Amino acid sequence: MLISTTTTSQLSSDGKDSIRAGLHYLDHKNQRQIGEKLIVLSNKTIAMGSNGTIIYEGSYEGRAVAVKRLLRTHHDVALKEIENLKNSDHHQNIVRYFGVEHDQDFVYLALERCTCNLDDLIHMCSADSSQYALVDDDDYYSTRDVSLYKEDRLESLKNVVGNVKLSKANGYPSFVLLKLMRDVVSGLVHLHALGIIHRDLKPQNVLISKERCFCAKLSDMGISKRLRENKSSLSCGTSGWQAPELLVRNGRQTRAMDLFSLGCILFFCITGGRHPFGDHLERDKNIVENNMDLFLVKDIPEAHHIIYLLLDGDPRLRPKAIEVLHHPLFWDPEKRLSFLRVTSDKVGEDSDLLNAIEGIKMFANWKRKVDAKIITHMEHVRQYKSGKVRDLLRLMRNMLNHYGELPDDIKELVGPLYEGFDGYFTSRFPRLLIEVYEVVRTRYCYEDKEYYKKFFES
């Protein structure tokens with residue numbers, strides 16, 4: 001089993017020697033007993049981190065664990081990580097902490113052993129693994145050594161993970177990927193509810209476990225900070241994943257910094273390892289200048305919408321983690337259709353909402369995109385105006401309400417409830433849901449909170 005942790009380019013000489021030993025498996029002590037409960041398999045290097053940190057396989061009280069070994073000089077970092085894990089790890093999307101041991105030179109944390117990290121998984125499933133990183137300081141090793149290690153690591157992961165699909169044929173994220181992204185958000189919601197900001201969110205710090213199903217867990221809590229409500233903290237994080245307010249002011253920020261990093265992670269997942277602010281060398285500059293490129297997600301409107309909000313240069317305008325958790329990107333087909341049906345009903349009794357909905361200009365002549373057979377059948381009961389968004393919503397609502405009464409040939413056209421039905425209309429009107437959602441979110445969800453409660457709250 002594999003696990004990965006944070007990596008940086010600022011390694012101490014001791015850290016580089018440790019990483020070199022881990023890379024080539026040169027540690028000849030196969031097993032060490034640390035304290036009464038911990039066994040470290042020192043020839044089983046899982047991953048390498050900054051400042052001499054190495055992750056080994058091991059066992060704690062007979063349980064298979066990942067052993068995070070830190071230099072004794074970084075004892076304060078270990079204590080901070082232990083404190084934050086104890087406060088937060090009783091959640092399915094936070095890596096578990098089991099115990100700690102010490103020797104003369106090192107501190108050893110016994111942590112939940114996972115299969116890989118998010119960076120591993122995305123690049124393993126991507127056609128382009130050129131950006132896959134073992135450590136940020138790849139120049140320290142020969143190109144050949146690093147290349148061989150990466151190739152071997154990806155191949156070993158494929159044997160463990162299997163042929164998981166992270167995207168559908170149409171480019172949309174698969175159910176597995178949506179679940180993993182939602183797991184990341186869920187873990188962040190939990191931390192923020194406890195008053196903890198992570199401060200170093202990036203794909204390498206999201207661990208993936210595979211038991212009955214894939215699950216994502218936030219890790220590397222060593223620089224996390226517990227805050228009181230509305231308080232701020234000194235800046236931290238990794239180059240390329242930091243919010244612009246930290247790069248420009250090198251100052252203090254709040255939970256919003258995690259939300260910016262989350263936007264980068266969501267983009268990274270959906271695009272197979274790309275970054276919204278470009279390649280490594282230009283990212284920080286582009287972040288400061290708000291020079292993002294979301295072209296690769298433009299055809300996935302829900303993803304484009306939430307990522308754009310999360311990457312807002314003004315931290316005050318970024319959505320909260322709990323709002324991201326309830327975003328349409330993570331809705332299943334039934335909930336997507338339910339939202340449109342509820343809005344269709346609401347439009348009939350709210351003239352202001354009707355006017356706002358009709359202000360969406362991209363659905364003129366919508367009848368041309370729906371099979372004539374459907375229009376003919378539905379207009380036996382009532383007429384639908386092609387230039388009205390309201391009538392498109394009504395058509396969908398009436399078909400949903402009377403799906404069981406539709407002729408078999410029309411059911412075959414639109415597909416089964418709910419996935420087929422949603423897919424039929426989404427393929428023809430890909431922006432319908434997010435355009436209607438944005439109207440409701442910005443103008444009406446607070447006034448009609450009870451009406452829309454199930455879409456904006458747990």
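1. Let's start with one residue, keeping in mind that this is a predicted model. L157 is buried, because its relative accessible area comes out at 0%, and the cut-off for buried is under 20%. You'll find L157 in helix α4, which covers residues 143-161. It's worth clicking on L121 as well: L121 and L157 sit 36 residues apart along the chain, yet their C-alpha atoms are separated by 8.0 Å.

2. Next, have a look at the six-stranded sheet. This sheet is open, its pairing is antiparallel, and the strands come in the order β1-β2-β3-β4-β6-β5. Which strands stand at the edges? They are β1 (32-34) and β5 (97-102); each has a single partner strand, so one side of each is left without a neighbour in the sheet. On average, neighbouring strands here are turned by 40° against each other, if you ignore direction.

3. Staying with that sheet, zoom in on β3 (residues 54-60) and β4 (residues 63-71). These two strands run antiparallel and are joined by seven bridges. For a handy landmark, find G58, which stands opposite V65 in β4.

4. There is a helix to add to this picture. Helix α2, residues 75-88, packs on the sheet and touches β4, β5 and β6 (106-112). Compare directions and you get about 25° between α2 and β6.

5. The model also has an open sheet of three strands, again with antiparallel pairing, in the order β7-β9-β10. Its edge strands are β7 (116-117) and β10 (214-218), each of which pairs on one side only. Between β7 and β9 (residues 206-210), which run antiparallel, there are two bridges. One pairing to look up is N117, whose bridge partner in β9 is L207.

6. What lies across β9 and β10? That's helix α5 (residues 175-193), and it runs at about 30° to β10.

7. Last stop, a pair of helices. Packed helices like these are described by the angle between their axes and the distance between the axes. For α12 (residues 351-358) and α14 (residues 389-401), the angle is about 100° and the axes are 8 Å apart. That makes α12 roughly perpendicular to α14, because angles from 65 to 115 degrees count as such.

8. Who meets whom between those helices? From α12 come L354, I357 and E358, and from α14 come V389, R390 and L393. Sorted by type, the residues of this contact are four nonpolar and two charged, with no polar ones.

Definitions and conventions: Residues numbered from 1 in each chain as written. Predicted model: local features only at pLDDT ≥ 70, side-chain atom pairs only at ≥ 80, totals over all residues. Heavy atoms only, no water. Pairing = 2+ DSSP bridges. Helix = DSSP H or I, 4+ residues; strand = E, 2+ residues; numbered from the N terminus. Contact = heavy atoms within 4.5 Å. Axes fitted to C-alpha atoms, helices over the stretch in contact; angles between N-to-C directions. Buried < 20%, exposed > 50% of the residue type's maximum accessible area, 1.4 Å probe, protein only. Parallel < 35°, antiparallel > 145°, perpendicular 65-115°, else oblique. Nonpolar A, V, L, I, M, F, W, Y, C, P; charged D, E, K, R; others polar.
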